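Student: Please take me on a close look at one helix and its surroundings, then follow the trail outward to whatever space and packing lie around it. I'd like one connected account, with the cut-offs behind each term.

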Amino acid sequence: MTSPSTPATLALERAGVPFVPHVYEHHETATNFGEEAAAALGLREEQVFKTLVVSVDGALAVAIVPVANRLDLKAIAAAVGGKKASLADPALAEKRTGYVVGGISPVGQRSKIRTVLDASAADYPTIFVSGGRRGFDIEIAPADLLRVTEATTAAIART
């Protein structure tokens, strides 16, 4: 399989950020996209991160957390200076990011959305995030992901 060109890969190339593309076979019956990616790529779920769009006090934010964990809604709200967070409506998340659910990349989104990367990403030299479509992840250094997304870090994941 060849590596697809997506808004994420184009944004990384434009910014001069190194990344490694990883294509895998996505099964249409899969509903837990992050777990599917980790299994298909033979990776620990702690190193594969999912991109979640949340609404914090009515404003959208992006949370990037390990597939092995859940998002702590109180922690993401606090991380962006808000009080209450909930998962955003999937249709709104798709419209604002330009990606489909299960393939939302934190990079190259249609609109600039405040982004928070879970602090556990610093435990790894590289992490894996969606490359912008189902069946495609990119491997990237956490520091590069922070820079290209202008994200902050916080402990926003829970087991």
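Tutor: Happy to. Let's begin with E36, which is found in helix α2; helices (DSSP runs of H or I, at least four residues) and strands (runs of E, at least two) are numbered from the N terminus. Before going further, bear in mind that this is a predicted model: local features need pLDDT of at least 70 and side-chain atom pairs count only at pLDDT 80 or more, while totals for chains, interfaces and linings use all residues. Residues are numbered from 1 along each chain as its sequence is written, and side-chain values use heavy atoms, with hydrogens and water left out.

E36 counts as buried because its relative accessibility is 11%; buried means under 20% relative accessible area, exposed over 50% and partly exposed in between, using a 1.4 Å probe and protein chains only. Leaving aside neighbours within four places in sequence, E36 is in contact (heavy atoms within 4.5 Å) with Y24, E25, H26, H27 and A30. A85, by comparison, sits 49 residues from E36 in sequence and 26 Å from it in space, C-alpha to C-alpha.

E36 has buried company in α2, namely F33, G34, A37 and A38. The helix's buried residues pack against β8. After α2 comes G42, with a positive phi near 70°.

One of those buried residues, F33, leads us to the largest pocket. This pocket is lined by 35 residues, and F33, K50, T51, L52 and V101 are the ones nearest its centre. The elements giving two or more residues to the lining are α2 (33-41), β2, β4 (70-71), α4 (90-97) and β7. A pocket here is an open set of points on a 1 Å grid over the protein atoms alone where a 1.4 Å probe fits, with protein on both sides within 12 Å along at least five of seven lines, and lining residues have an atom within 4 Å of a point. The volume is about 760 Å³, taken as the space filled by probe spheres set on the points, which are joined across faces, edges and corners. By type, the lining holds 17 nonpolar, 10 polar and eight charged residues; Ala, Val, Leu, Ile, Met, Phe, Trp, Tyr, Cys and Pro count as nonpolar, Asp, Glu, Lys and Arg as charged, and the others, Gly among them, as polar.

Follow α4 out of that lining and look at its two ends. At the N-terminal end, D89 acts as a cap, with a side-chain oxygen 3.1 Å from the backbone nitrogen of A91; such a polar contact is a donor-acceptor pair of N or O atoms within 3.5 Å. Just after α4, G98 takes a positive phi of about 85°. The loop between β5 (85-87) and α4 contains A88, which is buried, with a relative accessible area of 12%. Beyond four places in sequence, A88 touches V53, V54, S55 and L60. Back towards our helix, the C-alpha atoms of A88 and G34 are 18 Å apart, with their positions 54 residues apart along the chain.

Now take β2, another element of the lining, and move on to β3. The loop between these strands holds D57 and G58. D57 has a positive phi near 50° although it is a residue other than glycine, and G58 is exposed at 69% relative accessible area. I64 lies in β3 and is buried, with a relative accessible area of 0%. Its contacts more than four places away in sequence include F49, K50, P106, V129 and L145.

V129 and L145 bring us to the packing. Together with I127, they have the most contacts inside the largest nonpolar core, which has 25 residues. α1 (7-15), β2 (49-56), β3 (59-66), β7 (127-133) and β8 (136-140) each supply at least two of its residues. Such a core is a set of buried Ala, Val, Leu, Ile, Met, Phe, Trp, Tyr and Cys residues joined through side-chain atoms within 4.5 Å. V129 is itself in contact with F49, I64, P106, D137, I138, I140 and L145, leaving aside neighbours within four places in sequence. Apart from this core lies another, of 14 residues, among them A61, A75, I76 and V80.
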